[in-house]
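I opened my notebook to look up a few things in this structure. Here is what I went through, one entry at a time.

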Amino acid sequence: MAKKDYYQILGVKKDAKADDIKKSYRKLARKHHPDVNPNDKAAEDKFKEIQEAYDILSDEKKRKVFDRFGYYADNLDVNSPYGAGASATGGGASNFDFSGFNFEPGGSGSSSSSFRDIFSDLFGGSGGGSRTAREPEPPRAMPKKGKDIEIPLALSFEESVTGLTTNITVNRSEQCSRCQGAGDTGGAIVTCPTCKGTGQVQRQGGRLQFAQTCPDCEGTGRRREPCSVCHGKGVTPKTEQVKVRIPAGVDTGSRVRIPKKGGGGRLGAEPGDLFIITNVGKHKFFTRKGDNIYVTVPITVPEAALGAKIEVPTVEGKAQLKIPAGTESGQKFRLRERGFPSLRNPSLRGDQFIEVQIALPRVISEETKDILRSFEKANAENPRRAMGLE
Ligand SMILES: [Zn+2]
Ligand SMILES: [Zn+2]
(Lines give C-alpha, C1' and ligand atoms only; values in the text may rest on other atoms or scores of the structure.)
(Ligands and ions follow the chains in the order given, each with its own letter.)
Protein backbone atom coordinates (compact mmCIF):
# COMPACT_ATOMS: atom_id res chain seq x y z
CA MET A 1 0.00 0.00 0.00
CA ALA A 2 1.40 3.34 -1.00
CA LYS A 3 1.90 5.88 1.67
CA LYS A 4 -0.89 8.35 1.82
CA ASP A 5 -0.60 12.03 2.41
CA TYR A 6 -3.47 12.70 4.70
CA TYR A 7 -2.96 16.42 4.39
CA GLN A 8 -3.32 16.21 0.65
CA ILE A 9 -6.39 13.99 0.96
CA LEU A 10 -8.09 16.56 3.14
CA GLY A 11 -6.74 19.42 1.02
CA VAL A 12 -5.08 21.21 3.92
CA LYS A 13 -1.54 22.46 4.61
CA LYS A 14 0.78 20.60 6.95
CA ASP A 15 0.45 23.33 9.54
CA ALA A 16 -3.35 23.50 9.30
CA LYS A 17 -5.19 24.18 12.52
CA ALA A 18 -7.60 21.57 13.95
CA ASP A 19 -10.55 23.78 12.99
CA ASP A 20 -9.47 24.03 9.36
CA ILE A 21 -8.99 20.26 9.20
CA LYS A 22 -12.46 19.72 10.57
CA LYS A 23 -13.98 22.23 8.19
CA SER A 24 -12.31 20.72 5.17
CA TYR A 25 -13.23 17.20 6.29
CA ARG A 26 -16.90 18.11 6.69
CA LYS A 27 -17.02 19.57 3.23
CA LEU A 28 -15.44 16.50 1.65
CA ALA A 29 -17.40 13.99 3.74
CA ARG A 30 -20.66 15.61 2.72
CA LYS A 31 -19.66 15.42 -0.91
CA HIS A 32 -18.57 11.78 -0.86
CA HIS A 33 -20.93 10.33 1.73
CA PRO A 34 -22.42 6.99 0.58
CA ASP A 35 -25.91 8.28 1.33
CA VAL A 36 -25.37 11.02 -1.19
CA ASN A 37 -23.71 8.70 -3.74
CA PRO A 38 -25.58 5.42 -3.58
CA ASN A 39 -23.92 2.48 -5.40
CA ASP A 40 -20.85 4.54 -6.28
CA LYS A 41 -17.79 2.49 -5.38
CA ALA A 42 -15.33 5.28 -6.19
CA ALA A 43 -17.17 7.69 -3.90
CA GLU A 44 -17.24 5.09 -1.16
CA ASP A 45 -13.49 4.52 -1.43
CA LYS A 46 -12.88 8.22 -1.42
CA PHE A 47 -15.12 8.60 1.59
CA LYS A 48 -13.20 5.92 3.47
CA GLU A 49 -9.96 7.61 2.59
CA ILE A 50 -11.26 10.92 3.89
CA GLN A 51 -12.42 9.23 7.09
CA GLU A 52 -9.06 7.62 7.52
CA ALA A 53 -7.24 10.91 7.00
CA TYR A 54 -9.50 12.70 9.41
CA ASP A 55 -9.24 9.98 12.02
CA ILE A 56 -5.52 10.51 12.10
CA LEU A 57 -5.26 14.26 11.68
CA SER A 58 -8.04 15.08 14.13
CA ASP A 59 -6.28 13.15 16.85
CA GLU A 60 -3.37 15.14 18.22
CA LYS A 61 -1.31 12.08 19.16
CA LYS A 62 -1.89 10.23 15.89
CA ARG A 63 -1.17 13.38 13.92
CA LYS A 64 2.19 13.72 15.66
CA VAL A 65 3.02 10.12 14.78
CA PHE A 66 2.02 10.72 11.18
CA ASP A 67 4.04 13.95 11.03
CA ARG A 68 7.10 12.18 12.30
CA PHE A 69 6.95 8.89 10.41
CA GLY A 70 4.93 9.78 7.35
CA TYR A 71 2.36 7.10 8.18
CA TYR A 72 0.47 5.92 11.20
CA ALA A 73 0.41 2.66 13.12
CA ASP A 74 -0.90 2.00 16.59
CA ASN A 75 2.42 0.63 17.80
CA LEU A 76 4.26 3.79 16.84
CA ASP A 77 5.00 6.39 19.39
CA VAL A 78 6.71 9.69 18.76
CA ASN A 79 8.80 9.08 21.84
CA SER A 80 9.59 5.48 21.06
CA PRO A 81 13.16 4.70 20.22
CA TYR A 82 11.81 1.99 17.90
CA GLY A 83 9.90 4.43 15.90
CA ALA A 84 12.28 4.60 13.02
CA GLY A 85 12.82 0.86 13.05
CA ALA A 86 9.14 0.18 13.00
CA SER A 87 8.95 2.39 10.00
CA ALA A 88 11.53 0.30 8.30
CA THR A 89 9.94 -3.06 9.12
CA GLY A 90 6.38 -1.92 8.82
CA GLY A 91 6.78 -1.35 5.13
CA GLY A 92 5.06 1.96 5.51
CA ALA A 93 1.61 0.45 5.52
CA SER A 94 -0.95 2.11 7.63
CA ASN A 95 -2.55 -0.41 9.92
CA PHE A 96 -5.73 1.56 9.87
CA ASP A 97 -8.15 -1.19 9.09
CA PHE A 98 -11.29 -0.08 7.37
CA SER A 99 -12.61 -3.54 6.65
CA GLY A 100 -14.54 -3.50 9.89
CA PHE A 101 -16.02 -0.15 9.24
CA ASN A 102 -19.71 -0.34 8.99
CA PHE A 103 -22.33 2.24 8.26
CA GLU A 104 -25.15 0.24 9.75
CA PRO A 105 -26.70 1.19 13.09
CA GLY A 106 -24.72 -0.19 15.98
CA GLY A 107 -21.94 -1.15 13.58
CA SER A 108 -18.59 -2.57 14.56
CA GLY A 109 -16.41 -0.91 17.08
CA SER A 110 -14.05 0.37 14.44
CA SER A 111 -16.32 3.31 13.85
CA SER A 112 -14.81 5.46 16.49
CA SER A 113 -16.90 7.84 18.52
CA SER A 114 -15.41 10.80 16.69
CA PHE A 115 -17.16 9.56 13.53
CA ARG A 116 -20.49 9.60 15.26
CA ASP A 117 -19.88 13.07 16.56
CA ILE A 118 -19.07 14.27 13.10
CA PHE A 119 -22.13 12.57 11.63
CA SER A 120 -24.23 14.43 14.13
CA ASP A 121 -22.58 17.63 13.04
CA LEU A 122 -23.05 16.81 9.40
CA PHE A 123 -26.60 15.67 9.28
CA GLY A 124 -28.15 17.07 12.41
CA GLY A 125 -29.92 15.27 15.20
CA SER A 126 -28.44 13.16 17.94
CA GLY A 127 -28.72 9.97 15.91
CA GLY A 128 -26.78 11.34 12.98
CA GLY A 129 -27.57 10.43 9.40
CA SER A 130 -30.50 8.18 8.68
CA ARG A 131 -28.29 5.13 8.29
CA THR A 132 -26.38 5.69 11.49
CA ALA A 133 -29.40 6.56 13.64
CA ARG A 134 -29.83 4.12 16.49
CA GLU A 135 -33.53 4.78 16.88
CA PRO A 136 -36.16 5.42 14.21
CA GLU A 137 -36.91 8.99 13.22
CA PRO A 138 -39.87 10.55 14.98
CA PRO A 139 -42.83 11.02 12.66
CA ARG A 140 -42.70 14.01 10.36
CA ALA A 141 -45.59 16.45 10.48
CA MET A 142 -47.91 16.20 7.48
CA PRO A 143 -50.02 19.00 6.01
CA LYS A 144 -53.22 19.01 8.00
CA LYS A 145 -56.44 20.94 7.58
CA GLY A 146 -57.27 23.16 10.55
CA LYS A 147 -59.89 22.20 13.10
CA ASP A 148 -63.47 23.36 12.78
CA ILE A 149 -64.67 25.72 15.48
CA GLU A 150 -68.24 25.98 16.79
CA ILE A 151 -69.50 29.15 18.44
CA PRO A 152 -73.01 29.58 19.84
CA LEU A 153 -74.90 32.75 18.96
CA ALA A 154 -78.12 33.92 20.61
CA LEU A 155 -80.53 35.90 18.47
CA SER A 156 -84.06 37.15 18.86
CA PHE A 157 -87.08 35.60 17.17
CA GLU A 158 -87.33 38.67 14.95
CA GLU A 159 -83.65 38.39 13.97
CA SER A 160 -84.21 34.78 13.01
CA VAL A 161 -86.92 35.97 10.63
CA THR A 162 -84.93 38.72 8.98
CA GLY A 163 -81.43 37.32 9.24
CA LEU A 164 -78.55 39.18 10.77
CA THR A 165 -75.09 40.44 9.91
CA THR A 166 -72.82 40.94 12.89
CA ASN A 167 -69.19 40.86 14.01
CA ILE A 168 -68.18 38.24 16.51
CA THR A 169 -64.90 37.68 18.32
CA VAL A 170 -63.39 34.34 17.42
CA ASN A 171 -60.50 32.75 19.30
CA ARG A 172 -59.01 30.83 16.42
CA SER A 173 -55.48 29.97 15.36
CA GLU A 174 -53.17 30.45 12.43
CA GLN A 175 -50.34 28.44 10.94
CA CYS A 176 -47.16 29.19 12.91
CA SER A 177 -45.05 31.63 10.92
CA ARG A 178 -41.79 30.27 12.30
CA CYS A 179 -42.16 26.55 11.57
CA GLN A 180 -44.89 26.82 8.90
CA GLY A 181 -46.96 24.43 10.96
CA ALA A 182 -44.39 21.63 11.21
CA GLY A 183 -44.23 22.07 14.98
CA ASP A 184 -40.44 21.90 14.91
CA THR A 185 -37.58 23.48 13.03
CA GLY A 186 -35.54 20.32 12.51
CA GLY A 187 -33.75 20.49 15.86
CA ALA A 188 -32.61 17.67 18.10
CA ILE A 189 -34.81 14.68 18.90
CA VAL A 190 -36.17 14.99 22.42
CA THR A 191 -38.70 13.30 24.67
CA CYS A 192 -42.16 14.54 23.68
CA PRO A 193 -43.08 17.24 26.21
CA THR A 194 -46.81 16.80 25.58
CA CYS A 195 -46.95 13.19 26.78
CA LYS A 196 -43.62 13.18 28.64
CA GLY A 197 -42.52 10.28 26.45
CA THR A 198 -45.44 7.98 27.28
CA GLY A 199 -47.01 8.37 23.84
CA GLN A 200 -50.43 8.84 25.43
CA VAL A 201 -52.40 11.76 26.73
CA GLN A 202 -55.45 11.86 29.00
CA ARG A 203 -58.60 13.30 27.51
CA GLN A 204 -61.78 14.29 29.23
CA GLY A 205 -64.89 12.95 27.53
CA GLY A 206 -67.84 14.11 29.57
CA ARG A 207 -67.28 12.60 33.01
CA LEU A 208 -64.99 9.92 31.66
CA GLN A 209 -61.28 10.23 31.34
CA PHE A 210 -59.59 8.14 28.71
CA ALA A 211 -56.13 7.74 27.23
CA GLN A 212 -55.53 8.79 23.66
CA THR A 213 -52.52 8.53 21.37
CA CYS A 214 -50.48 11.69 21.82
CA PRO A 215 -51.18 13.89 18.78
CA ASP A 216 -47.83 15.65 18.95
CA CYS A 217 -45.61 12.58 18.59
CA GLU A 218 -48.18 10.12 17.21
CA GLY A 219 -47.56 7.87 20.17
CA THR A 220 -43.82 7.45 19.67
CA GLY A 221 -42.94 9.49 22.76
CA ARG A 222 -40.21 11.25 20.81
CA ARG A 223 -40.21 14.23 18.54
CA ARG A 224 -37.96 16.95 17.31
CA GLU A 225 -37.44 19.82 19.70
CA PRO A 226 -40.72 21.77 19.52
CA CYS A 227 -40.79 25.10 17.73
CA SER A 228 -40.15 27.89 20.23
CA VAL A 229 -43.01 30.02 18.89
CA CYS A 230 -45.91 27.53 18.76
CA HIS A 231 -44.46 25.07 21.30
CA GLY A 232 -44.85 22.29 18.79
CA LYS A 233 -48.53 22.88 18.05
CA GLY A 234 -47.85 24.14 14.51
CA VAL A 235 -50.40 26.88 15.02
CA THR A 236 -50.46 30.04 17.09
CA PRO A 237 -53.56 31.53 18.76
CA LYS A 238 -55.27 34.43 17.07
CA THR A 239 -58.23 36.45 18.25
CA GLU A 240 -60.11 37.84 15.30
CA GLN A 241 -63.26 39.83 14.62
CA VAL A 242 -65.18 37.82 12.06
CA LYS A 243 -68.11 39.23 10.14
CA VAL A 244 -70.88 36.65 10.07
CA ARG A 245 -74.05 36.73 8.01
CA ILE A 246 -76.84 34.72 9.56
CA PRO A 247 -79.43 33.99 6.88
CA ALA A 248 -83.14 34.59 7.42
CA GLY A 249 -84.90 31.47 8.64
CA VAL A 250 -82.39 29.98 11.08
CA ASP A 251 -83.82 28.05 13.99
CA THR A 252 -82.36 26.95 17.30
CA GLY A 253 -79.57 24.52 16.48
CA SER A 254 -78.97 25.75 12.92
CA ARG A 255 -75.31 25.56 11.84
CA VAL A 256 -74.11 28.51 9.80
CA ARG A 257 -70.78 27.82 8.12
CA ILE A 258 -68.19 30.58 7.74
CA PRO A 259 -65.50 29.03 5.55
CA LYS A 260 -61.82 29.06 6.59
CA LYS A 261 -62.35 30.91 9.85
CA GLY A 262 -61.66 27.88 12.04
CA GLY A 263 -58.28 26.73 13.34
CA GLY A 264 -55.17 27.28 11.23
CA GLY A 265 -53.97 24.57 8.85
CA ARG A 266 -50.49 23.09 9.08
CA LEU A 267 -47.79 23.03 6.41
CA GLY A 268 -49.89 25.01 3.96
CA ALA A 269 -53.14 23.08 4.45
CA GLU A 270 -56.43 24.99 4.57
CA PRO A 271 -57.82 26.41 7.80
CA GLY A 272 -60.87 24.72 9.27
CA ASP A 273 -64.33 26.28 9.14
CA LEU A 274 -66.19 28.31 11.69
CA PHE A 275 -69.72 27.15 12.53
CA ILE A 276 -72.18 29.47 14.23
CA ILE A 277 -74.74 27.48 16.18
CA THR A 278 -77.83 29.64 16.53
CA ASN A 279 -80.04 29.77 19.58
CA VAL A 280 -83.28 31.62 18.85
CA GLY A 281 -85.14 33.32 21.70
CA LYS A 282 -88.84 32.81 22.46
CA HIS A 283 -91.47 35.25 21.21
CA LYS A 284 -94.30 36.64 23.30
CA PHE A 285 -97.01 35.17 21.06
CA PHE A 286 -95.48 33.52 18.01
CA THR A 287 -94.24 29.98 18.05
CA ARG A 288 -92.47 28.10 15.31
CA LYS A 289 -92.84 24.58 13.91
CA GLY A 290 -90.68 23.86 10.91
CA ASP A 291 -90.95 26.93 8.71
CA ASN A 292 -94.52 27.67 9.87
CA ILE A 293 -95.49 30.22 12.50
CA TYR A 294 -98.38 29.77 14.94
CA VAL A 295 -100.26 32.44 16.82
CA THR A 296 -103.47 32.51 18.87
CA VAL A 297 -105.68 35.58 18.43
CA PRO A 298 -108.74 36.43 20.58
CA ILE A 299 -111.98 37.51 18.87
CA THR A 300 -115.21 38.83 20.38
CA VAL A 301 -118.56 37.03 20.46
CA PRO A 302 -120.13 39.39 17.87
CA GLU A 303 -117.03 39.03 15.59
CA ALA A 304 -117.37 35.28 15.80
CA ALA A 305 -121.13 35.32 15.32
CA LEU A 306 -121.50 38.04 12.74
CA GLY A 307 -118.15 37.82 10.97
CA ALA A 308 -115.56 40.58 10.79
CA LYS A 309 -112.35 41.82 9.25
CA ILE A 310 -109.73 41.94 11.96
CA GLU A 311 -106.07 42.85 12.25
CA VAL A 312 -103.69 40.01 13.11
CA PRO A 313 -99.97 40.18 13.90
CA THR A 314 -97.38 38.68 11.59
CA VAL A 315 -93.60 38.65 11.99
CA GLU A 316 -93.50 41.43 9.44
CA GLY A 317 -96.18 43.66 10.92
CA LYS A 318 -99.97 43.68 10.78
CA ALA A 319 -102.14 41.81 8.30
CA GLN A 320 -105.88 41.64 7.64
CA LEU A 321 -107.85 38.49 8.35
CA LYS A 322 -111.48 37.91 7.39
CA ILE A 323 -113.43 36.11 10.10
CA PRO A 324 -116.51 34.49 8.58
CA ALA A 325 -119.86 34.66 10.42
CA GLY A 326 -120.30 31.68 12.74
CA THR A 327 -116.61 31.16 13.46
CA GLU A 328 -116.01 28.89 16.42
CA SER A 329 -113.39 29.10 19.10
CA GLY A 330 -110.25 27.15 18.18
CA GLN A 331 -110.83 27.46 14.44
CA LYS A 332 -107.61 27.94 12.43
CA PHE A 333 -106.92 30.26 9.52
CA ARG A 334 -103.93 30.25 7.26
CA LEU A 335 -101.97 33.19 5.90
CA ARG A 336 -99.93 31.79 3.05
CA GLU A 337 -96.21 32.53 2.89
CA ARG A 338 -96.09 34.54 6.07
CA GLY A 339 -93.88 32.00 7.83
CA PHE A 340 -90.09 31.60 7.81
CA PRO A 341 -88.02 31.62 4.64
CA SER A 342 -86.79 28.11 3.92
CA LEU A 343 -83.05 27.73 4.60
CA ARG A 344 -82.78 25.17 1.82
CA ASN A 345 -84.61 27.26 -0.75
CA PRO A 346 -84.86 30.96 0.18
CA SER A 347 -87.56 31.51 -2.47
CA LEU A 348 -89.89 29.30 -0.45
CA ARG A 349 -91.62 30.40 2.72
CA GLY A 350 -93.64 28.71 5.39
CA ASP A 351 -97.19 29.82 6.32
CA GLN A 352 -98.66 31.49 9.35
CA PHE A 353 -101.53 29.77 11.16
CA ILE A 354 -103.93 31.79 13.27
CA GLU A 355 -106.08 30.10 15.85
CA VAL A 356 -108.97 32.23 17.08
CA GLN A 357 -110.24 32.08 20.65
CA ILE A 358 -113.64 33.61 21.41
CA ALA A 359 -113.27 35.92 24.39
CA LEU A 360 -116.20 36.95 26.56
CA PRO A 361 -116.51 40.63 27.34
CA ARG A 362 -114.74 41.24 30.63
CA VAL A 363 -117.34 43.61 31.99
CA ILE A 364 -120.96 42.59 31.56
CA SER A 365 -123.39 45.43 32.27
CA GLU A 366 -127.11 44.98 33.15
CA GLU A 367 -127.93 46.15 29.66
CA THR A 368 -125.71 43.49 28.13
CA LYS A 369 -127.26 40.84 30.35
CA ASP A 370 -130.75 41.83 29.11
CA ILE A 371 -129.57 41.55 25.52
CA LEU A 372 -128.09 38.08 26.20
CA ARG A 373 -131.35 36.90 27.87
CA SER A 374 -133.37 38.02 24.86
CA PHE A 375 -130.79 36.35 22.63
CA GLU A 376 -131.18 33.07 24.51
CA LYS A 377 -134.97 33.18 24.23
CA ALA A 378 -134.79 33.82 20.50
CA ASN A 379 -132.15 31.13 19.93
CA ALA A 380 -133.05 28.28 22.24
CA GLU A 381 -130.48 25.54 21.69
CA ASN A 382 -128.62 22.92 23.66
CA PRO A 383 -125.02 22.57 22.40
CA ARG A 384 -124.58 19.49 24.66
CA ARG A 385 -127.41 17.49 23.17
CA ALA A 386 -125.01 15.39 21.09
CA MET A 387 -123.46 14.26 24.38
CA GLY A 388 -126.82 13.03 25.61
CA LEU A 389 -127.16 15.88 28.09
CA GLU A 390 -130.20 18.03 28.79
ZN1 LIG B 1 -46.24 12.79 22.73
ZN1 LIG C 1 -44.06 26.84 15.20
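**Helix α9**

I started with α9 and found it hardly covered: among its 13 residues, the count of buried ones is zero. I should add that I am working from a predicted model. Next I checked the length of α9, which runs over residues 366–378. At 1.5 Å a residue the helix should span 18 Å, and its end C-alpha atoms are 19 Å apart, so the two values agree.

**The largest nonpolar core**

Which residues touch the most other members of the largest nonpolar core? I found Tyr6, Leu10, Tyr25, Ile50, Ala53 and Leu57, out of 18 residues in that core. I then asked which elements give two or more residues to this core. They are α1 (6–10), α2 (18–32), α3 (41–57) and α4 (60–69). Of these, α3 gives the most, with six residues.

I also picked out Tyr25 and set aside its neighbours within four places in sequence. That left Leu10, Ile50 and Tyr54 as the residues in contact with Tyr25. Another core lies apart from the largest one; this other core has seven residues, including Cys176, Cys227, Cys230 and Val235.

**Pro215**

My last entry is on Pro215, which I located in the loop between β5 (208–213) and β6 (222–226). Is Pro215 buried or exposed? I put it down as partly exposed, because 13 other C-beta atoms lie within 10 Å, while a residue counts as exposed at 12 or fewer and as buried at 20 or more. I also looked up Val201, 14 residues from Pro215 along the chain: the C-alpha atoms of the pair are separated by 8.3 Å.

How values were computed:
Residues numbered from 1 in each chain as written. Chains lettered and ligands numbered in written order. Predicted model: local features only at pLDDT ≥ 70, side-chain atom pairs only at ≥ 80, totals over all residues. Helix = DSSP H or I, 4+ residues; strand = E, 2+ residues; numbered from the N terminus. Expected span 1.5 Å × (residues − 1). Core = buried A, V, L, I, M, F, W, Y, C linked by C-beta atoms within 7 Å. Contact = placed C-beta atoms within 7 Å.
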